[in-house]
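Reader: I have a chain open here and want to go through it with you. Can we start with one of the helices?

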Amino acid sequence: MEEMLILGFGVDTNDNWPILLLEAKSEETLLALKMSPVEGLTVTLALKERSPLECISQELLCRIIGKLKGEIHAMEVVVLDDEVFRAKLRVKQHEEEFIFDCRLGDGLALAVRFGVAIYVPRSLLEEKGQQSEALKKTILDLEVFLAAQSEAPLLANWEPESPYKM
């Protein structure tokens, strides 16, 4: 597993869906993860340190984990098939670890909120990772994106079909 850093957001010009760009911490390999506008919104709001009603399930999960004296200690990106990504949250409670499957956007948003590491399988980086400065230039600077982002544009073109397709 490779630890990743959130580098920035972009928008797929074909369908206006958000793309989150991750960069491997140990090398300059980039991984672009396309997600639905709703998932992009949840990650954006987590990065802005906001917890609105749109993310009430995440807020509830944070409270439940806290009350149970647990903590999220890592998030892993999982590939279900060639085009679909999900996440696994690793939660520790005392000495026991629990692993929960979730949507990619929810997993990323919770990882951001809890300040935990995001991991990607090495095989995924080797297959889908890119070492391209051109790709970096197409992604908006994260701070610029967050400063300019409101919730409405992300939801404007949302259609529920195939939310996890790359």
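Author: Fine. This is a predicted model. In helix α3, the buried residues are L104, G105, D106, G107, L108, A109, L110 and A111.

Reader: How many of the residues of α3 is that, and where does the helix run?

Author: Helix α3 covers residues 104–114, and eight of its 11 residues are buried, so it counts as mostly covered by the under 20% cut-off.

Reader: What does G115 do just after α3?
Author: G115 takes a positive phi of about 65 degrees.

Reader: Back to D106. Which residue does its side chain meet in a salt bridge?
Author: R103, with an N to O distance of 2.9 Å.

Reader: Are those two buried or partly exposed?
Author: One of each. D106 has 15% relative accessibility and therefore counts as buried. R103 has a relative accessible area of 28%, which means it is partly exposed.

Reader: Any salt bridges that share partners? Which residues do they join?
Author: E2, R122 and E126 are joined into one network that way.

Reader: What's the count of salt bridges?
Author: Seven. One of them is between E76 and R90, where the closest N and O atoms are 2.4 Å apart.

Reader: Which strands are E76 and R90 in?
Author: E76 is in strand β4 (residues 70–79) and R90 is in strand β5 (residues 85–93), so the pair ties together parts that are 14 residues apart in sequence. Both E76 and R90 are buried.

Reader: And K88, which residue does it pair with?
Author: K88 forms a salt bridge with D101, at 3.5 Å from N to O. This pair links distant parts of the chain, with K88 in strand β5 and D101 in strand β6 (residues 96–103), 13 residues apart.

Reader: Why does K88 count as partly exposed?
Author: Because its relative accessibility is 27%, and partly exposed runs between the 20% and 50% cut-offs. D101 has a relative accessible area of 58%, so it is exposed.

Reader: Different topic. Where is E59?
Author: E59 sits in helix α2 (residues 56–67). Its relative accessible area is 18%, so E59 is buried. The C-alpha atoms of E59 and L110 are separated by 9.1 Å, with their positions 51 residues apart along the chain.

Reader: Now the whole chain. How many helices and strands?
Author: Seven helices and eight strands. Of the 166 residues, 46% are buried.

Reader: What about the accessible surface?
Author: The protein chain has about 8,900 Å² of it, and 52% belongs to carbon and sulfur atoms.

Technical notes
Residues are numbered from 1 along each chain as its sequence is written. This is a predicted model: local features need pLDDT of at least 70, side-chain atom pairs count only at pLDDT 80 or more; totals for chains, interfaces and linings use all residues. Side-chain values use heavy atoms; hydrogens and water are left out. Helices (H or I, at least four residues) and strands (E, at least two) are DSSP runs, numbered from the N terminus. Buried means under 20% relative accessible area, exposed over 50%, partly exposed in between (1.4 Å probe, protein chains only). Accessible areas come from the Shrake-Rupley method with a 1.4 Å probe; for residues, only the protein chains shown count as cover. A salt bridge is a side-chain nitrogen of Lys or Arg within 4 Å of a carboxyl oxygen of Asp or Glu.
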